[in-house]
Structures are given as structure tokens and as C-alpha cells.
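Me: I would be grateful for a close look at a single part of this structure, set in the context of the chain around it. Please give the answer as one connected account.

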Amino acid sequence: MNVGSAGDVLEDNPVGKLQVYVYELPSKYNKKILQKDSRCLNHMFAAEIFMHRFLLSSPVRTRNPEEADWFYTPVYTTCDLTPTGLPLPFKSPRMMRSAIQLISSNWPYWNRTEGADHFFVVPHDFGACFHYQEEKAIERGILPLLRRATLVQTFGQRNHVCLKEGSITIPPYAPPQKMQAHLIPPETPRSIFVYFRGLFYDVNNDPEGGYYARGARASVWENFKNNPLFDISTDHPTTYYEDMQRSIFCLCPLGWAPWSPRLVEAVVFGCIPVIIADDIVLPFADAIPWEDIGVFLAEKDVPNLDTILTSIEPEVVLRKQRLLANPSMKQAMLFPQPAQPRDAFHQILNGLARKLPHDKNVHLKPGEKILDWSVGPVGDLKPW
Amino acid sequence: MKPSLLQQQSRRSNSFRGSNPLDSSPDGGGGAGKSPAAIFWLVLHGLCCLVSLVLGFRFSRLIFFLLFSTSTNSNTGLYQTSPFRTVADIAENLAFSTSLPSLDSSPANRTTGTAGVSSSGVVVGRHGILIRPWPHPNPDEVMKAHRIIERVQREQRAQYGVKSPRTVIVVTPTYVRTFQTLHLTGVMHSLMNVPYDLVWIVVEAGGVTNETASLITKSGLRTIHIGFEERMPISWEDRHRMEARMRLRALRVVSEKKLDGAVMFADDSNMHSMELFDEIQKVKWIGAVSVGILVHSGHSDEDLSVRNEGDESNSPVPIQGPACNSSDQLVGWHTFNSLPYVGRSANYVGDRATVLPRKLEWAGFVLNSRLVWKKAEDKPDWVKDLDMVARDEANVESPLSLLKDSSVVEPLGSCGRKVLLWWLRVEARADSKFPSGWIIDPPLEVTVPARHTPWPDAPPELPTSEKVTSIKESSEKRATKTRTHRSRRGSRSKRKHEARSVDAHVSERHSGEN
């Protein structure tokens, strides 16, 4: 995909191309949850909340459901937080099921298509599989009721149960104002070759290593801890954002899940992302030329990371930096409030618009039923 | 990924306590429930649990793998370290056992709960940590990385820095004296770091000398070394005036050679910041920057009294430079207020009193070299001809004398708010002696005997060789004697602390007599 076409797609304006109807759910599905814990607005899963707010005041919103192309259900499934701020997904399937029951009984539009023209924002670790542990997530699979709906999620990995055909992959939420506040003058010379801050071993959950990040992060540490070109450590420096702006390459390895806000930060700060996650599907892959912007590395090639990075031609490095400097690229990764043209909200709408017009088989024939409401683990069937 | 890691951590510990590890082991065994492999795993697991209980840390089943299997999973010479790390690392971790213990081998039987999905190349479960046999940087690659960094920085400079940079023409008056090497080396190193083309015009009072020449050629810069045939006077007044004449001489060279660029005046004892050189690229015809004036004196009491008097009106470090109004236009000049120092300033070079600058120092000005050319196309009409100005040399105090109208000066450094260089005059007494070129050759002529040798194991010869004072011997013999004397002293000083103090003591006396 050449840059010209990708740039055009990024510049698309979705207004006028689609209409979205926003279901009015009782506030126990959204507002009350947020009131209970306002930390949900700042963590990396905040996209679900901001998407709701954006759609409420967006020109694509229509109050007439008959002329809507897409239906949005505002349910905040990733807002049940532990004291340390991590979302627990155990009630999410029931919550989603309850919401769908509500919309299918109060409005006819769900039953018309069994959700094929509905979309849901599920920014959790493994999307609509609603679990943080990969094996459990794979076991559960995508919530059966969402089988026909379009999922807007951060998780993306090819040939994985939790990524279904036609999903829209979005970047995780990163606070735009905070990143803006840490910008340094662009003429500051980039003097760090490779930069990374984060865990290499998750000692609490995987002390031996090899499980966490499929051993890739541990491999990075063991191979390059003594290499002066690699500025890697488990520090939490206050100058994290500034350091990224002084680096040429930023490592974005997988963790327990393949995606990470590091990718957003690297793009915003002009640091070339080195993506170490096999088969990952990156956000807005149909609009952003990730191959041209970033460097992809197979997990088995991690021991040769230094050879690979140093053998990149300087001209290629400059070209990637020039592409990264494109403001549309950076804008597409962000969820600013209020929304701005070409930001992530608009890219999501673009993605939805590109799926129109709906296929004929979206509408079910009368009496036809595809979804089975009794399928799924017993715990999910309890009311919420 | 950090927060999600944290979340995984605490949640996992919750979940793992709930989950039964034995549940998942059958999957790793290869499918069928009660196969011998599964039973074997169960027994092994139980054994390891017992061992762990006894030992007090987690004894992994991987150890058995290591002991019993010949590892066939060599991925082109890479180690897989998880077995090694278990024993070494986790002595303190009384952790739970995870599922799927086996090393990364065939992917097919790994994906738990496949649920009919096409098997991807990516496998869930424990993987080996790949480490190459020599996990250290390769020097060729490090050089390549540095080349990449250098290219990126060059591109950054091209994009955000100055477009079409001009040559910097630096004018430095100097003369040979004790502090010359100190001062000139400082300026030289600053100039060597300037990223633009540079021409260094060094005007030397007392004629061109080898001392100065050898010093400035070390810089590797393009230099023009001009001799000025008068000796530098002792009084500060006269010295300032002569320096002005030397600078005009340099400007005449610029005019004759038609050097093109931005002319700046770097006095050899001043300190320049790198931003100064970026800022002077912006000058159109004549610009002025703020200079920090560092006045100091030998006496600290004098300093204090001066500061107390002048504190309310003066800033802590007096600044000389352009004064702007709120719309960033030049309205006047901040000059040095010498009133507090009246009667207490230095008169002679090397005087212990405070050295005061002129009202406006040359160092704070930048000129477009075309201003001094005889003929330049767009030379503005408010500039006087250089030869005319040079005729009245004695009265030229600052580059403003070159202008008919001093309001055309452009204030640089965000309108004088940034101090980009510092003015300082530090000199030794005019009669202070120093080894020429700072090379001791021939060695010191007078050796003074050390009467008290504090070290007990002094060999008997040492005192006699030291007693050689002014005997007319051949210089080599003396050289060897003093050299061995010195080297012995040197080696001794490594062992004894007192020896070093004696060392210093003796050498001090040497320099005094020199």
C-alpha cells in the first residue's frame, strides 16, 4: 500500500457517509458505573467511554433509528476496577448479555438483524473474550451473542479466536493532554538508539520467565542488557515521554496481550516503533501503512535485534521518521476531547463507513434465528 | 503495556489461587486422558512438590527435563535458558506451579481449548528465552548505529536548524603571557565545537610568535594569524584601546580578503555558549547580544562591600546589551555601571583589583562582513567606511563607531533576554614567568636538596645526587640525575602520602626561583 493512498484514507471525513443511532440505556450500564469509579476515564481502556461521549454530540448521530446504518450500545464493560486500577472482566459477559437483552426487547432493530448492523466497543485485553488470561480467553471465545455484531477493540492477532472477521482494531487510549504537556523542541537531537521502559520478567505471575510475553521481553533483556546502544530498564522515569522524543527506535514488545499504549506513544513522539509480536494486527491497519512506519521483528529473531536494527539503511530510517512526522498519523492515534478532525474517533467511523452498505443477508428473514441465547458458560447466563 | 501488566499481576495471583493446576496438565500430555504420559507427569509433579516443600523453594519439573533429556531443541545455536534460571533465580519465590511445563517444541499440541480454530503459528504457553551465545555488542554494528544516529541528527539540524548557514568569522586579539594558554584553549575548544564553517583571525600583539602559532594550529580550524607590531601595554586603559585597534586591523583583513560571513569578536578570556553561534546566523547587518559581565577581584571583602552598595540597582551579574521595549524594538542599551567600583578598579594588568569592562564591549556585537568591504552591493548607507573609522583609531570604543546611526542595531537572543556569552578578564602579574610553551625543556635548572627525607628506607645515594646545585655539568648528566631523582620521588609518592607533600613543597620552591 503506497503512502499516497493511505494518506487519503486517513483524511476521509465520515460525516455524511453514515448515520449512527445511540441506544438510550439506563444509566446503570454507563453513567452509574463511571460515577462509582472515575479512574475509568484515565486508564488505557477509556476509549469506550469517550466513544460514547463523542457519538452523543457528533453530526453522524441520528435520533431516528429508521434511517440509521449502525446502532451503538453504550455499555462500559471495562470499568469494574480493582483497588490498584485493573479492570476485572468477570462480570462483563453478564453485563453485555443483559444490555443486549434490553435492546432486543425494547427495540426491534436487534432482532431484525441479530446484531449485524450493531457495533460495540470492547477495549479489554482480549476484546470480547472477556478474560485477561489468554488460555481462558481462547476457551471462552467471543461472547456468542456478539457473533454477528461488529466489534471495535484494541486486541488484534491473526488467526486468533478473539479477533473476528470484520472487527475494527483501535489504538488503546493514551491521554492526549499529558503527552502534549511533555513535548520538547523538535531540534533536540535524537541521541538514544533504542529505548524501552517496562517489565522484562513478571515475577509475580511468571517467575521463571518464558510465559510472559512468550519469553520475548526476557530475551531482549538477557541479550541486550549490556549493550550501550540499548537504553532499556524497568525504571519508571518522570522523563519517559521526553526520553522517547530523544530516541530513534522504541521497542513495543508484546506483554500478556500483544497490544500496548507504547505504540501510540511512539507514533506521537516520532520514535520508530519496533513491534515484536507475532501475527499482531495493528490499529487502523487499512488506513495506516505500518510496514512503512515501523520495524517488525519476529519473536524468534529477538537475539539478532541489534544486527537487524543497525543494518537498516540511514535513508530508510529518515524516510520512516518523515512518515511518522505526518500529523495525520499522530492524530489518528489519539482520542482528544473535544474531538478533532481525522482523530481516532473519525477513523473508527471511517472504518464503519467502509463496511457500508450492509450485505443483503444482514436482515434476517422472518422467523429465522441464528444466535443461540443459551450457549456459553453457565456463569454468563445469570442476570446482571 | 505497564498498567495492563500490573493488572495481570494482581489478577493472576487471584485467579491462580483459584485454579487447579492439575486441571491443565492433561492438555500438555498429548490429548488422551489417562495415558502413561499423564500419569508420569502427575507423579513427577507430586515429587517436585515434595522436594519443594523440603527445600523451601520451587523445584521445577524442568530440572528433570534437563537431567534426562538430550536437548534437541537447538534453534541454530541459541540457548533456551528457562531450566537454568529456575534454580538460580527463584530461591525466594514460593510460587504456584503454572500449567504447561514443557519447553517449546511442537506447536500442535500446545494450544489449549482450540475450539476449532485454525492453528496459528503463534503458540500459547511457555516458550524458551532465546539467548545467543555471545550476547555482547559487535563493534561494527555499534559503528553503524552511530552512523545512523549521526545521519538522523544531521537531518534534524537541516530541518529545524538554520537554513544556508553562513561562515563565522571570529576575531581574537591576544598576546603571549602566562594566562594566554588557558584563555586561548578555552576559546579554541568552543570554536572547534561550532557546527558551521569558521575562519579564525588571531591578531597577536608583539608580532607573530611560535607559541601562539603552535597553539592555534592544534585546533584544526582555518586560521589567519596576524602580527601587530606593538607590545601589549601594562595599563588596562591602554590595553583596551590597543585591543580595539587590533580588532580594526582584523576587520581590514576581512575587507581586503573579502571574507563573507558573520563577524564576531571572541576575546580570548571570554566564555561563549554554543547557542551564541546559532544566534549570530540570524544577523542581517549588525546585531547585539547580551553579555554577562563577570567582575571579580582578588579580595573577597572588596567584592562584598561593592555588592552591598550597588545591590538595589544592579542585577547580580551585570549584563551589557541591547534594551528592548515590549514590542521587541531596540530602545537603548544596558551598559556596565562602574560607579560602585570607582577608585577600586584595577589599573594594571595583573593588579589584584577588579577589572572593569568598557561601557559596551566589542564581544557583544556581530557584524555582517559585507559592512566592512570596500564595495558591496546592498551595503547600507548608515555604515561608515572602514578606512575613515580606522584613521581615528584611538577613539574607537565599540563597533557602534562604525555606524552613523546606532538605532539600526538588531537585538539578538530573544531581544537581549538571553545571555549568550560572558566577559571576564583574569590575568597574572605582568612579570610572572612561565615555561615557554608550557614545556619544561631543558629540565629545571636548579635542584634544591631535600634536607629532611621523611621516608625511612631512603637509599644512601639519594641525598648526594640531590646536593648537586649549580655545578656546571653537562645538561644530559644533569637531566638523567634529576630525572631519576624525580622518578624515584614519583614512585615514592605513590607509596607515601608525606612524600607527595614534600614533592609539592620542593617544586614550589623551584617555580619561585625560576
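The part I have in mind is the open sheet of chain A: in which order do the 5 strands lie, and what is the pairing?

Reply: The model shown here is a predicted one, and it is useful to begin with the confidence attached to the chain that carries the sheet. For chain A the pLDDT averages 90, and 98% of the residues score at least 70. A stretch of low confidence is found at residues 1-6 of chain A, where pLDDT stays under 50. For this stretch the model has 9 contacts beyond four places in sequence.

The sheet itself is open, and the order of its 5 strands in chain A is 1-2-3-4-5, with parallel pairing. Its edges are formed by strand 1 (20-22) and strand 5 (168-169) of chain A, each of which pairs on one side only. At the second of these edges, the partner of strand 5 of chain A is strand 4 (residues 150-153) of chain A; the two run parallel and are joined by 2 bridges. Within this pair, A:Val152 has A:Ile168 of strand 5 of chain A standing opposite.

The setting of the sheet may be described next. Chain A contains 15 helices and 10 strands. Of its 384 residues, 63% count as buried. The accessible surface that chain A exposes comes to about 14,400 Å², and carbon and sulfur atoms supply 53% of this area. Contacts in chain A also reach along the sequence: among those between residues at least 6 apart, 71% join residues at least 24 apart.

One residue elsewhere in chain A shows how a single position can touch both chains. A:Ser219 belongs to helix 8 (residues 216-224) of chain A. Is A:Ser219 buried or exposed? Its relative accessibility is 2%, and therefore A:Ser219 counts as buried. Leaving aside residues up to four places away in sequence, A:Ser219 touches A:Val302 and A:Pro303 in chain A, together with B:Ile129 and B:Leu130 in chain B.

Chain B offers a position with another degree of exposure. B:Ile39 is located in helix 3 (residues 36-55) of chain B. Because its relative accessibility is 44%, B:Ile39 counts as partly exposed. Together with B:Leu42 and B:Val43, B:Ile39 forms a nonpolar patch on the surface, and the three residues have about 270 Å² of accessible area together.

To return to the request, the sheet of chain A is open and parallel in its pairing, with strand 1 and strand 5 of chain A at its edges.

Notes: Residues numbered from 1 in each chain as written. Chains lettered and ligands numbered in written order. Predicted model: local features only at pLDDT ≥ 70, side-chain atom pairs only at ≥ 80, totals over all residues. Heavy atoms only, no water. Patch = residues over 30% accessible without salt bridge, like charges linked within 9 Å, V, L, I, M, F, W, Y side chains within 5 Å. Areas by Shrake-Rupley, 256 points an atom, 1.4 Å probe, with all protein chains shown as cover. Salt bridge = Lys/Arg side-chain N within 4 Å of Asp/Glu carboxyl O. Helix = DSSP H or I, 4+ residues; strand = E, 2+ residues; numbered from the N terminus. Buried < 20%, exposed > 50% of the residue type's maximum accessible area, 1.4 Å probe, protein only. Contact = heavy atoms within 4.5 Å. Pairing = 2+ DSSP bridges. pLDDT = per-residue confidence, 0-100.
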